[in-house]
Amino acid sequence: MPDLADTPLQTDRSVQTLLVTGPSGAGRSTTINALEDIGFEVIDNLPLSLLPILLRRKAKVPLALVLDVRNRDFSVDALIGAIDQLTLDLGDAGQVLYLDAENAVLERRYSETRRHHPMAPAGPPLVGITAEKELLAPIRARADQLIDTSHMSPHDLRAEIEGHFAPGQGKLLGVSVHSFSYKRGLPRGLDMVLDCRFLRNPHWDAALRPLDGRDASVATYVGQDPRADEFFGRVNDLVALLLPAHKDEGRAHLAIGFGCTGGQHRSVAMAERLATSLAQAGWPVSIRHRELERRAQAGVGTNQGSST
């Protein structure tokens, strides 16, 4: 099974019919809204029995058909047959978009919404997630477009959809800025990684240790390192140079990561600083502090971090 984070998305400017599928919770609702906004006629939860009729229609506008296990007549064999017919009739103008996400992420999303999984209505969501992924594996293998939404915000996913199915409409490149701990490894999907471990460390100041890089006192402390301003200035100039170039190449999204030892102080402060600068320059920016989010979900205060 290929790593979706390493799978380059193709850009097709002439998609007439798009089949959208993937495991429940992977981002279909956001995708539907994004496709509708860029001019697709979207039909959600389509019975497979009606699919052949719609595939034979002469489309006046691009058509997106959302298919998943909620359908009572859902069948992997029937859907694969429809994909074969779509390819035969339309060639590259007919494509399959498969949305995916890591099991742990899907399980967390179900926990947050308190919804039952359609394949495990009376059991834990992970049982349904695992069964659904196994069922959909043959369809995933046939997909033209694979998008892993594990570490995407709804804004990131919308930007990805717009970039690949509505190129040339003047949409800005979406940027996400991440902070992380090297102890836990690099987040998947980063395009640029910057190491902040050379900067002065607030962990060794007892008053700052319980705080994180979003606090003004921590940001000031990190910024007082004699190398901090030059480091940030060069990074900011590099990003300002690269973003328009990536946009011109049709990229929909660029992910930039700052790492430090614990992901609490230095990387957070630098990520916040860059995100503010990019927003002031007019770029759509989202920000994610991975370790702070993990501690918040676990109900652990930031003072539990070490050597950040």
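In this predicted model, the buried residues of helix 10 pack against strand 6, helix 9 and strand 9. Helix 10 spans residues 290-298, and its buried residues are Arg 290, Glu 291, Leu 292 and Arg 295. Strand 9 covers residues 285-289.

The chain as a whole contains ten helices and nine strands. Of its 308 residues, 47% count as buried. Among contacts with a separation of 6 or more, 77% are between residues 24 or more positions apart.

Nonpolar side chains tend to be buried together in soluble globular proteins. In the present chain, the largest nonpolar core has 28 residues, and those with the most contacts inside this core are Ile 256, Phe 258 and Met 270. Two or more residues each are given to the core by strand 6 (174-181), strand 7 (192-195), helix 7 (216-223), helix 8 (228-248), strand 8 (253-260) and helix 9 (266-280). Another core, of 24 residues, lies apart from the largest one; Ile 38, Phe 40, Ala 101 and Phe 165 are among its members. With residues up to four places away in sequence not counted, Met 270 touches Cys 196, Leu 199, Val 222, Ala 228, Phe 231, Phe 232 and Phe 258.

Three helix pairs are described next. Two packed helices are described by the angle between their axes and the distance between the axes.

Helix 8 and helix 9 have axes 11 Å apart and pack at an angle of about 45°. Helix 8 is therefore oblique to helix 9. The crossing in which helix 8 passes helix 9 is right-handed. From helix 8, the residues in contact are Ala 228, Asp 229, Phe 231, Phe 232, Asn 236, Val 239 and Leu 243, and from helix 9 they are Met 270, Arg 273, Leu 274, Ser 277 and Leu 278. By class, this contact of helix 8 with helix 9 comprises eight nonpolar, two polar and two charged residues. Met 270, one of the helix 9 residues in this contact, is also one of the residues with the most contacts inside the largest core.

Helix 1 (residues 28-37) and helix 6 (residues 154-165) form another pair, with axes 9 Å apart and an angle of about 40°. Helix 1 and helix 6 are therefore oblique to each other. The crossing of helix 1 past helix 6 is right-handed. Helix 1 makes this contact through Thr 30, Thr 31, Asn 33, Ala 34, Leu 35 and Asp 37, and helix 6 through Pro 154, Leu 157, Arg 158, Ile 161 and Phe 165. Six nonpolar, three polar and two charged residues make up the contact of helix 1 with helix 6. Phe 165, listed on the helix 6 side, belongs to the core of 24 residues.

Within this pair, Ala 34 lies in helix 1. Ala 34 counts as buried because its relative accessibility is 0%. Apart from neighbours within four places in sequence, Ala 34 is in contact with Arg 158 and Ile 161. The C-alpha atoms of Ala 34 and Glu 160 are 9.4 Å apart in space, although the two residues are 126 residues apart in sequence.

In the third pair, the axes of helix 3 (residues 76-90) and helix 5 (residues 125-142) come within 9 Å and cross at roughly 10°. Helix 3 and helix 5 are therefore roughly parallel to each other. The residues in contact are Val 76, Leu 79, Ile 80, Ile 83 and Asp 84 of helix 3, together with Leu 135, Pro 138, Ile 139 and Arg 142 of helix 5. The contact of helix 3 with helix 5 has seven nonpolar and two charged residues, and no polar ones.

Pro 138 is placed in helix 5. Pro 138 counts as partly exposed because its relative accessibility is 36%. Leaving aside neighbours within four places in sequence, Pro 138 is in contact with Val 76 and Ile 80. Between Pro 138 and Asp 77, 61 residues apart along the chain, the C-alpha atoms are separated by 9.1 Å.

Arg 70 occupies the loop between strand 3 (63-66) and helix 3. A relative accessible area of 37% makes Arg 70 partly exposed. Arg 70 touches Arg 28, Asp 44 and Asn 45, with residues up to four places away in sequence not counted. Arg 70 and Pro 47 are 23 residues apart in sequence, and their C-alpha atoms are 9.3 Å apart in space.

Note on methods:
Residues are numbered from 1 along each chain as its sequence is written. This is a predicted model: local features need pLDDT of at least 70, side-chain atom pairs count only at pLDDT 80 or more; totals for chains, interfaces and linings use all residues. Side-chain values use heavy atoms; hydrogens and water are left out. Axes are lines fitted to C-alpha atoms, for helices over the stretch in contact, and angles run from 0 to 180 degrees between N-to-C directions. Helices (H or I, at least four residues) and strands (E, at least two) are DSSP runs, numbered from the N terminus. Angles under 35 degrees count as roughly parallel, over 145 as roughly antiparallel, 65 to 115 as roughly perpendicular and the rest as oblique. A crossing is left-handed if the near helix is turned anticlockwise from the far one by less than a right angle, and right-handed if clockwise. Contact means heavy atoms within 4.5 Å. Ala, Val, Leu, Ile, Met, Phe, Trp, Tyr, Cys and Pro count as nonpolar, Asp, Glu, Lys and Arg as charged, and the others, Gly among them, as polar. A nonpolar core is a set of buried Ala, Val, Leu, Ile, Met, Phe, Trp, Tyr and Cys residues joined through side-chain atoms within 4.5 Å. Buried means under 20% relative accessible area, exposed over 50%, partly exposed in between (1.4 Å probe, protein chains only).
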